[in-house]
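Q: Please give me a close look at the surroundings of the ligand, and then at how charged side chains pair up elsewhere. I'm new to this, so take it slowly.

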Amino acid sequence: MTRIGVVGAGYVGTTAAACFAHLGHDVVCADVSEDRIRELRKGEVGILERSLPVLVTEGLESGRLVFEVGARRAAEGTAFVFLCLPTPSADGGAVDLSALEAAAREIGPVLEPDAVVVVKSTAPVGATRRVRRVLDADGAPPGVSVASNPEFLREGNSVEDFLHPDRIVIGCDEPETAVRLTGLYSGVPAPVVVTDPASAEMVKYASNAYLAGRVSFINAVANLCEAVGADVRDVALGMGYDPRIGSDFLHPGPGFGGSCLPKDTAALLHIAAEAGVDLPPVEATVAVNTRQRERVVEKILAALDRAPPGSPVAAWGLTFKANTDDLRDSPALDIVRALLARGVTVRAFDPVAGERAGGLEPGLDVTVDPYDACDGAAVLAVLTEWEQFRWLDFARVAELMAVPQVVDTRNLLDPPTMRRLGFDYQGVGR
Ligand code: UDX
């Protein structure tokens with residue numbers, strides 16, 4: 001059992017803190033927000049992550065997990081301090097490291113003599129060394145070491161991904177630091193890749209850029225399938241049996257969103273530009289992703305042209321993907337905003353984030369019932385792949401709609417069934 005500090009109680013920090021406590025360590029999780037800490041002390045997690053509330057409650061009840069206000073509290077008496085802070089996009093794709101550096105400055109003077117400061121936030125190549133310089137400048141004990149330990153958590157699946165990762169990546173200059181850090185994960189069955197900080201940071205960016213590239217690749221193929229009369233789902237199925245390709249991350253949609261892939265692809269392009277290196281595959285990934293949202297808007301507008309002027313659009317799903325409450329960089333919201341900007345009336349339903357989305361988009365009419373959203377609508381746009389959408393009563397939806405047209409951006413629904421019910425069905429790539 002080791003005393004671990006975690007700075008930042010967001011998606012990554014709360015998950016890391018609760019999971020390390022679950023693994024038997026003593027964890028202090030600190031955040032700058034008194035409100036957030038107050039909620040977490042009551043076991044209220046505030047984000048939609050299955051099984052995270054259970055682990056937080058387990059940690060609180062066992063006494064192995066405590067929540068404190070202020071980064072220093074995560075550094076006092078702890079052997080490891082994980083920095084899990086936001087690293088948002090800045091201008092031109094650069095990454096804003098101010099929160100990371102501020103935390104390093106705050107904890108430097110109170111670190112244990114041989115503490116390990118671990119950068120878990122997604123941070124550009126060179127960030128870990130920057131944290132080292134900040135700590136040195138702020139009087140951290142000379143025995144303190146730093147390491148990069150990037151997270152590979154998928155929102156909505158973060159606990160599973162933390163406790164059962166495909167790999168653990170550690171980037172540090174001192175072999176003994178790598179050994180100590182690896183020891184923290186002794187209860188986690190996964191291969192450990194030990195390298196230098198820059199390479200560890202690059203693993204994270206290159207992985208996310210590759211994943212984003214797969215999404216844009218299959219979206220581009222889907223668009224071609226539409227033009228030549230092929231079905232992209234069968235194409236992806238046929239591709240996926242090749243073990244070098246696999247079937248994951250080959251589902252076409254409205255484009256990738258969320259707080260990671262868009263930010264990380266932009267950051268990698270910025271890193272490349274700073275280094276004077278071209279990165280055409282990532283440039284194409286981003287270009288296809290931007291265009292994909294526009295293509296969905298064009299499909300919806302074309303369907304509206306086949307309806308009485310002023311007909312409303314029903315939108316199902318506003319978050320960046322299903323099984324999350326995260327609206328950050330959501331393609332669904334981008335599409336809804338583009339429609340609103342053209343004067344289109346949009347009535348939206350989202351299973352978990354409708355009210356928050358309504359607050360973000362004053363012009364957006366949000367309802368708590370998916371059928372209400374369809375009342376009088378000329379187009380139903382399915383924008384996220386919530387399983388519950390699949391089982392709604394589409395005969396009732398057809399009756400409610402002024403014109404039964406559906407733009408299924410996730411290929412969630414069955415085209416023959418929808419067409420038998422009288423819908424004009426459009427998917428993506430089929
Ligand atoms: C991603 C990476 O998967 C994860 O490893 C990393 O740590 C953080 O970024 P996340 O952003 O939570 O995780 O979501 P993910 O499930 O990867 O989806 C990202 C976006 O791609 C979503 O908008 C999703 O809808 C889209 N997507 C994903 C597709 O359009 N098609 C796919 O086949 C897969």
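A: Let's start with a single contact: an N or O atom in the side chain of Lys-204 sits 2.8 Å from an oxygen atom of the ligand. Before going on, keep in mind that this is a predicted model, where local features need pLDDT of at least 70 and side-chain atom pairs count only at pLDDT 80 or more, while totals for chains, interfaces and linings use all residues. Residues are numbered from 1 along each chain as its sequence is written, and side-chain values use heavy atoms, with hydrogens and water left out.

Back to the ligand. The Lys-204 pair is a polar contact, meaning two N or O atoms within 3.5 Å; within protein, one must be able to donate a hydrogen and the other to accept it, and residues adjacent in sequence count only if both atoms are side-chain atoms. Lys-321 offers a polar side-chain atom too, 2.9 Å from an oxygen atom of the ligand. With Leu-153, it's a polar atom of the backbone that lies 2.9 Å from a ligand oxygen. How much of the ligand does the protein cover? On its own the ligand has 650 Å² of accessible area, and the protein covers 92% of that. Such areas come from the Shrake-Rupley method with a 1.4 Å probe, and for residues only the protein chains shown count as cover.

Now zoom out to the whole shell. There are 19 residues around the ligand, and the closest are Glu-155, Lys-204, His-251, Gly-257 and Arg-410. To be near a molecule or strand, a residue needs one of its heavy atoms within 4 Å of it. By type, the shell splits into ten nonpolar, three polar and six charged residues. Here Ala, Val, Leu, Ile, Met, Phe, Trp, Tyr, Cys and Pro count as nonpolar, Asp, Glu, Lys and Arg as charged, and the others, Gly among them, as polar. Helix H8 (residues 197-228) gives the largest share of the shell, with four residues. Helices (H or I, at least four residues) and strands (E, at least two) are DSSP runs, numbered from the N terminus. Both domain 1 (3-195) and domain 2 (197-430) put at least three residues each into the shell, with bounds taken from an automatic or database domain assignment.

Stay with H8 for a moment, since it leads us to the charged pairs. Side chains of opposite charge can pair when their charged atoms come close. The term for this is a salt bridge, a side-chain nitrogen of Lys or Arg within 4 Å of a carboxyl oxygen of Asp or Glu. The structure holds 27 of these salt bridges. One of them joins Glu-226 to Arg-295, 3.2 Å from N to O. It links distant parts of the chain, as Glu-226 is in H8 and Arg-295 is in helix H11 (residues 280-305), 69 residues apart. Glu-226 counts as partly exposed because its relative accessibility is 28%, and Arg-295 is partly exposed too, at 23%. For these words, buried means under 20% relative accessible area, exposed over 50%, and partly exposed in between (1.4 Å probe, protein chains only). There's also a network: Arg-293, Asp-329, Asp-334, Arg-337 and Glu-361 are joined by salt bridges that share partners.

Another pair is Asp-173 with Arg-129, at 2.7 Å from N to O. This one also connects distant parts of the chain, 44 residues apart: Asp-173 is in the loop between strand S7 (168-171) and helix H7 (175-184), and Arg-129 is in helix H5 (residues 127-137). Asp-173 is partly exposed with a relative accessible area of 49%, and Arg-129 is partly exposed at 36%.

Finally, Arg-36 bridges to Asp-31, with 3.7 Å between the closest N and O atoms. Are those two residues buried or exposed? Arg-36 is partly exposed, since its relative accessibility is 36%, whereas Asp-31 counts as buried because its value is 10%.
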